[in-house]
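Let's take a friendly walk through this protein chain together. We start with what counts as buried, then move to one helix and one polar side chain.

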Amino acid sequence: MQRILLASHGTTGSRAAEIVAVNHLQPGDQLIHLQVVPDFWDGMQGDDWLNNSSTRDVFAVYVENSLETEAKVTFDRVAAMVAKRSAMCETRLVYDKPVQALLKAVADVVPDLVITGAPRPKYAEGQNSKMLTEAMLRAMVVPLLVIPYPNV
């Protein structure tokens, strides 16, 4: 059985990595799908326009629910592709610094391969992951496959 750790968050570059990861799967293999919500979202309270603690708490719950809903859409899409390959899929949503979250997942899962998308080019719109740092590359103890950003 092969175990693949996929770091993906649903963007164009991540979707390219999702396809490659799923195509690597054989029946009985396991894909662990990791999505990292950067820890800066933890402090997202809207203090500049919300004027009391109760309203800030409601807003914090709203933000967390929104992030979890977005993650579920990505998790469900990938899980459906994995099921077609007769493989298993595990999902992990983590609130942390991206590099730390990935390295913790690698230590916990001990995958045969880690797959992630390359950072988006400057011309492309959207989120830009800070996961592929020099420190992360040095600390990686398993093979890492970085999928190039697709020509869209």
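Buried here means under 20% relative accessible area, and exposed means over 50%. Please keep in mind that this is a predicted model.

With that cut-off in hand, look at helix H3. Its buried residues are Pro-98, Val-99, Ala-101, Leu-102, Ala-105, Val-106 and Val-109. Viewed down the helix axis, these buried residues fall within an arc of 165 degrees, so they line one face of H3. The face turned away from that buried side carries Lys-104, Ala-107 and Asp-108, which are exposed.

What covers the buried residues of H3? The cover includes four strands, E1 (3–7), E2 (30–38), E3 (88–96) and E4 (113–117), together with helix H4 (134–139).

The geometry of H3 is easy to check on your screen. The helix spans residues 98–109, 12 residues in total, and reaches 16 Å from its first C-alpha to its last, close to the 16 Å expected at 1.5 Å a residue. Just after the helix comes Val-110, with a positive phi of about 50 degrees.

Now for the polar side chain. Is Gln-30 buried or exposed? Gln-30, which sits in strand E2, has a relative accessibility of 11% and therefore counts as buried. The side chain of Gln-30 makes polar contacts with these side chains:

| Side chain | Partner side chain | Distance |
|---|---|---|
| Gln-30 | Arg-3 | 3.0 Å |
| Gln-30 | Glu-90 | 3.3 Å |

Leaving aside residues up to four places away in sequence, Gln-30 touches Met-1, Gln-2, Arg-3, Ile-4, Leu-25, Met-88 and Glu-90. Both polar partners, Arg-3 and Glu-90, are thus part of that list of neighbours.

Finally, let's step back to the whole chain. The protein chain has four helices and five strands, and along the sequence they follow the pattern β-α-β-α-β-α-β-α-β. How many of its residues count as buried? The share is 37% of the 152 residues.

The contacts add to this picture. Among contacts between residues at least 6 apart in sequence, 80% join residues at least 24 apart. As for the surface, the accessible area of the protein chain comes to about 8700 Å², and 55% of this area belongs to carbon and sulfur atoms.

Technical notes. Residues numbered from 1 in each chain as written. Predicted model: local features only at pLDDT ≥ 70, side-chain atom pairs only at ≥ 80, totals over all residues. Heavy atoms only, no water. Helix = DSSP H or I, 4+ residues; strand = E, 2+ residues; numbered from the N terminus. Buried < 20%, exposed > 50% of the residue type's maximum accessible area, 1.4 Å probe, protein only. Contact = heavy atoms within 4.5 Å. Areas by Shrake-Rupley, 256 points an atom, 1.4 Å probe, with all protein chains shown as cover. Expected span 1.5 Å × (residues − 1). Arc of directions from axis to C-beta. Polar contact = N/O pair within 3.5 Å; in protein donor to acceptor, adjacent residues only side chain to side chain.
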